[in-house]
Each structure stands twice: as C-alpha cells, then as structure tokens.
Amino acid sequence: MQLTTTSNDNLPLRVGVFDTLAEGLDYAARGATGCNFFSERGRPAHSLTYREIRERALDLGLRFSASGLERGARVALIAETRPEFLITFFACQYAGLIPVPLPLSVNLGGREAYVARLAAMMQRGHASVAVTSEEMLPMLEEAARMAGIERVGSYSDFAALPYQGGEIRPLNKDEPAYIQFSSGSTSLPRGVMVTQHSIMANARGIGQHGLQLRAGDRATSWLPLYHDMGLVGFCLTPAMAQVSVDYLATTTFARRPLLWLQTLSDQGGTIAFAPTFGYELCLRRAAKVEPGQYDLSRWRVAGIGGEMIRASVLQAFADRFADCGFDGKAFLPSYGLAESTLAISFSALGEGVKVDEVDQEAAARRDLALPASAKRAKTFVRCGRPMPEHRIEIRDARGKPLSDRHIGRVFVSGPSLMEGYFRDPEATATAMPEEGWLDTGDLGYLAEGELVITGRSKDLIIVGGRNIWPQDLEWAVEKIEHVRAGDVAAFAVPDQDDSEQVVLVVECRLSDPAARAALRREISAVVQRSAGVSCEVVLTRPNALTFTSSGKLSRAAAKADYLAGRISDLDGTLEEGVYAMAVGAE
Amino acid sequence: MSDSQTGSGEQPIYEQVYELLQHYNREGRELRPETDLNAELNIDSVAAMDLIMEIEDKYDIDIPINLVADLRTVQDLVTTVRKQQGAA
C-alpha cells in the first residue's frame, strides 16, 4: 500500500490560517499529504490523501443534507481511529452539521457502563442522529434507544443514503465546529462547544508557535480521537497544516505500545505526543528492544500533556532509547484542556524537560513555590509560556491575581476558549466566572512567566492518562446490595512511583467476615467494570465519612482521614505499604 | 450444547486459557468456566489488554473492542476464541 507523502512539493505550507475547518481541508486537498491507518499488528491498513477525505466527506455531506437534517443538528459518532471517522466529521463540516465525537472505551465486561455513558452524552448533546461502524452498532443502538434517538446507523448505511445533488453550505466562521465531551462525570457529562474561531486559533497556536511546523514534518499518533489531545492535536491541527499523520488505534497501542516507536521509526515521524503514561508503557515493554532497533533520531517533538508530568519517567525513557537515536531535548512539556480547545502553553522547543525544585513545606503551608535543592524538595515540570494571544493568571481564592511563585488557581484567557458548555449555562458560569476568563480548576504558579502545574481540580482521579470522576465510582458502588447512598467515598492517593492508587472507602454494616469479603470483591469488580482500574477497598464503620454543612460528601476529608489513619478497615487489612507510601509522599 | 457433545473438543482450550490466566490469578483462586474475570481475578484495564494480546497471539485471532465489552467470565473468553477462530 502506498502511504501518503510526508510533504507537498508544490503547495506552500499554511498553518491554521483559514476561516473554517472546511476551508482548511479544501486547501490541504490540493496536495498529496493525508492520513494512514495501521492495523493492530502495525501493518498499513488504509491510506487516504486529504483530497480523498474531502471528496468522500463532500459526498456524504450532500447525503446528510438531502436526508432532511436541520442546519446545526448534532451528529453523534463514535470516535474510532479509522477513515470513516474523519470522513464523517468533515462531512458534518460541509453539511452545516455539528459532529459530537463519542468515546470508544470499553473495559472487560464493561458493556453496560459504556452504553450508559454513550446514552448520557447523546442526550446532553441533543443528538439527532448517531453513526458508527458495523462492529460498534449494536452498542450504539442500545444507547440510542436509551437516549430516545431514532436515527442510528452504520457508516455504510449513511453512505448509502440517496444522493440528490444539492448544494454544500459548510459551517461558516461564526458557527460552531463540534462538541467535545471530555469534561464532567459520566452521569452528567459536559459538552465543550468548540467554535470555528476557537479551533482555528488553537490550531494556529499549536502549529505556528508550539510545534513550529515546517515542511518535512510527519505526525504519529495513537491518541484517542474523542480526546482533545488526539482530535485537535493529531487530527484537526495536522489537517489545518497539511501534515501527514500515521495512526495506530488506541487499543493497538495499549496492547503493543512499542508499535508506536516502530511506526515513528519506519515512517520517519517527527512529531508525537503522549501523556507520561504512554512513555511509561513503552519503557515497561522495552526489555527486548535491541540497541538501535528503532531509528528515533528524526523525532524532533516528543510532546507531553494530559496529566501531571512525571520527569523521572521521561528521563528513564530518554536514557533507555538513547541508543535508538532518541534525544531527550525533543521532549516538549505542554499544558491545556478541552475548555480551551486543547493547548494553552508550550515549553520552548529543543529544551527538553525543565524541572522546578520547590520547598515542600512552603508549598504545603504557605502556597509558595520557593526554589529549594534540599532533600525535602518537590519536583514539578515547567509547562512553558502561554501561546501568543493567550494569557495565564494565577489567582487566589477571592479571585485576586497572584505574583510569581505564589500557588493558586490557574485562570486562562484567549481566542481558544470555548463558547461554553453546550446547553448548560450553570456549568458554563461556574467555569467562566468572568467574561473571557476560564477557571481551569487546576492549581499552579508562574515562574519567570512559565506555568508550573502543582495539582488538579481537587477531586478528579487520573489513572493511566484517563480521567475518572469519583462520583461515577461512588454511584456504581452504591448500587451494590448492602451499600447505601452516601456510604461511599472515592479518591486517589499517590503510589510509590507517583502514579495514583484509587481508594474506595465504604461504610459497612455487615458483621459476618465472609459477607464482608464478598462485598469487598463485588466492590472491586464494579470499579473494574465501570472504570477499568484496580482499587483498594476500605470497609469502615458507619458514620466514618464526613459531610459538608450543605450535605455534600467531603472527599478531601475522607482522603485526609485515610492518610492520617483515622479511617481504618474493619478487617484490619488496610494495605500498610500503600498507606506508608502515601504518607511518605505527602 | 451439552458437555458430552463438546467436551473433548473444548477441554484443551479451557486448559490453555486457564494456563494463560494463571499469571493474572495472584490470589491463586480455582479457575472454573464461570470464574468472573473482574470480580475474582481483578484484572485491570492494562492487564486486560495484556491478556487479550496473549490470547490473540496464541490463537492468531483478533478480538475487537466490541467483543471485549462482553467478556465477563472465563467461559465468555473461550466462547470468543472459538467464535473468532471460526471467523478467521
């Protein structure tokens, strides 16, 4: 199979300088670059130039329009890493419809939880139609029934809709671009309304400033296309910059992470991103990699984003793959979030990971990030300066801007900000308390103008690069027999290697040890099925959990009580190791 | 299908799958067809991917993600292997 070329001979590189996504694809279609999809074993499976993507998107767009969909109607589609996703996404752009990418994330035996998640998103997005592959159709149909959506079908069903000619009226520059569901809990998902203006501003910032794209660049990605880093960073930005992309499905990477490096090596990829976890997964499988087995010397931007950046893992990766030509200077720490389309800040190209060692005591007690080199220092990674036209402010609890090295809430502004959450004014008002500014919910400080993130919005759990909302785990566990609503608190504590261990504290009224053991197993099974993570289950006495004056569960209090040993397990099986490590890491 | 009809044909697959699962069976539980992969073996999402890959490699089959969602027990795993072998 012929893969798409790395650069265009007779088409000048234009990065993010279009009014709309449709216009950007029109331009890319004048060249020979495009997208390549590799199989689960890493072999080329499909290859499409941007011209082919455009042609098929135009064809499908006309069929969509002819089928009577109103302008601005939402089209839900499962974001599988395959050509049909891109074609359908851009067909919506041409037909004046708003695509709503849905997650593709299934845990062992997790059908029910996944279907419920799809249904909640389609409902919140008020989708008119839902489309996916033949394989995923049964699950999407089930979800569509729950969400009350009648028009659901496979890609081929929609491609076979009658074609009646007609006119293409793409989404214009003042219209929305798509809805991104990557925020909010499963039960109450929030759809980020990304406009044509914000996606183009972000693509421009990423391409021109962050990555400084140039002729000869080629992107390689396994990132999920329902996630902002995958969709914006490795689908829309490359399309708006005529850059060829080599795709591996996320499940392929999860099973065979080294195929990522193999593909970079084989195709001469120059740009790839991952959360720290992605680099870690490669390291874990690297035992049999021979010196020089891959040629990673052309990989000039190895971006990191999506979760707290762990410098030690990246250093280990750089050391391990140095003999494959990997240069640690290629690391590019970055910061962003879906509410700002994707990116906010990038560190400087070619500098690698810059760490900031700060005094732990001053950080914990006085919210000050004072440089320190002592043993009690905590290491954070610098995420660079905001992109042009974007601003970052650190504010205190009252909203007052703080000066350098004061830790506070990270606020951002600029042309990449979302318009708001789709049909959710309340959540929008909370996230954007002031015109033009977004409260990211993350904690951090500025040092010489560079952003350093010290913590996330306090309750969110991130394991293996995936966001897990504690209330989703709590609600799932509350449905178990013998567990009552309000009996459960979920949170995470640092693990020995700085990743996170999920803890479920459950108030328990069972006196029979065998019944308690069964409950314990059931709880971990439910957590596995709904989120795909292992957890530590702590069964504790009734009324051990703290509630705020307004009756809300205080996870922070539960976590503090757990770490301080004030919450203990009825069977005394609290894992001493995890406990000790967590305390040590505080 | 009763056991007598399929017994001799299925037995080896079960044993092979049990063998693959031993690695994930940290508590040394007895493996039966109805053993629940989540509740009894506590296989998390990363381990699940490893397991699926091992099965795919061993039987030279693909187990697409939509089928993973329905894998709750050892029996489901064996049924899927047989189905995908038939499909190949």
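Axes here are lines fitted to C-alpha atoms, for helices over the stretch in contact, and angles run from 0 to 180 degrees between N-to-C directions. The model in these exercises is predicted.

**Exercise 1. Classify how helices α11 and α12 of chain A pack, and describe their contact.**

Step 1. Take the geometry. Helix α11(A) spans residues 276-284 and helix α12(A) spans residues 311-320. Their axes lie 9 Å apart, at an angle of about 40°.

Step 2. Classify the angle. This makes α11(A) oblique to α12(A). The cut-off for roughly parallel is under 35 degrees.

Step 3. Assign the hand. α11(A) and α12(A) cross in the left-handed sense.

Step 4. List the residues. From α11(A) come Thr276(A), Tyr279(A), Glu280(A), Cys282(A) and Leu283(A). They meet Val313(A), Leu314(A), Ala316(A), Phe317(A) and Arg320(A) of α12(A).

Step 5. Sort them. The contact of α11(A) with α12(A) has seven nonpolar residues, one polar and two charged.

**Exercise 2. Do the same for helices α4 and α5 of chain A.**

Step 1. Helix α4(A) covers residues 111-124, and helix α5(A) covers residues 137-147. Their axes come within 8 Å and cross at roughly 50°.

Step 2. α4(A) and α5(A) are therefore oblique to each other. Their crossing is right-handed.

Step 3. On the α4(A) side, the contact residues are Arg111(A), Tyr114(A), Val115(A), Leu118(A), Ala119(A), Met122(A) and Gln123(A). On the α5(A) side, they are Met139(A), Leu140(A), Glu142(A), Ala143(A), Ala144(A), Met146(A) and Ala147(A).

Step 4. The tally for the contact of α4(A) with α5(A) is 11 nonpolar, one polar and two charged.

**Exercise 3. Trace the open sheet of chain A that contains β4, β3, β5 and β6, and place helix α3(A) on it.**

Step 1. Write the order. The four strands run β4-β3-β5-β6 in chain A, with parallel pairing.

Step 2. Find the edges. β4(A), residues 98-102, and β6(A), residues 151-154, each pair on one side only. The twist from one strand to the next averages 25°.

Step 3. Check one pair. β3(A) (residues 74-78) and β5(A) (residues 127-132) run parallel and are joined by four bridges. Leu77(A) is opposite Val131(A) of β5(A).

Step 4. Add the helix. α3(A), residues 83-95, packs on the sheet and touches β3, β4 and β5 of chain A. The direction of α3(A) makes about 150° with that of β4(A).

**Exercise 4. Trace the open sheet of chain A that contains β18, β19, β21 and β22.**

Step 1. The order is β18-β19-β21-β22 in chain A, and the pairing is antiparallel.

Step 2. The edge strands are β18(A), residues 391-395, and β22(A), residues 450-455. The average twist from strand to strand is 55°.

Step 3. β21(A), residues 438-447, pairs with β22(A) over five bridges, in the antiparallel sense. Ala447(A) faces Glu450(A) of β22(A) across this pairing.

**Exercise 5. Describe the side of chain B that touches chain A.**

Step 1. Count. 23 residues of chain B contact 26 residues of chain A.

Step 2. Locate. α2(B) (45-59) and α3(B) (65-68) each supply at least two residues of this side. α2(B) gives the largest share, six residues.

Step 3. Sort. The chain B side has 13 nonpolar, four polar and six charged residues.

**Exercise 6. Judge the confidence along chain A.**

Step 1. The mean pLDDT of chain A is 91, and 94% of its residues reach 70 or more.

Step 2. Over residues 573-586 of chain A, pLDDT stays under 50. The model has 15 contacts beyond four places in sequence for this stretch.

Key. Residues are numbered from 1 along each chain as its sequence is written. Chains are lettered from A and ligands numbered from 1 in the order in which they are written. This is a predicted model: local features need pLDDT of at least 70, side-chain atom pairs count only at pLDDT 80 or more; totals for chains, interfaces and linings use all residues. Angles under 35 degrees count as roughly parallel, over 145 as roughly antiparallel, 65 to 115 as roughly perpendicular and the rest as oblique. A crossing is left-handed if the near helix is turned anticlockwise from the far one by less than a right angle, and right-handed if clockwise. Two residues are in contact if their C-beta atoms, placed from the backbone, lie within 7 Å. Ala, Val, Leu, Ile, Met, Phe, Trp, Tyr, Cys and Pro count as nonpolar, Asp, Glu, Lys and Arg as charged, and the others, Gly among them, as polar. Two strands pair if DSSP finds at least two bridges between them. pLDDT is the predictor's confidence in each residue, from 0 to 100.
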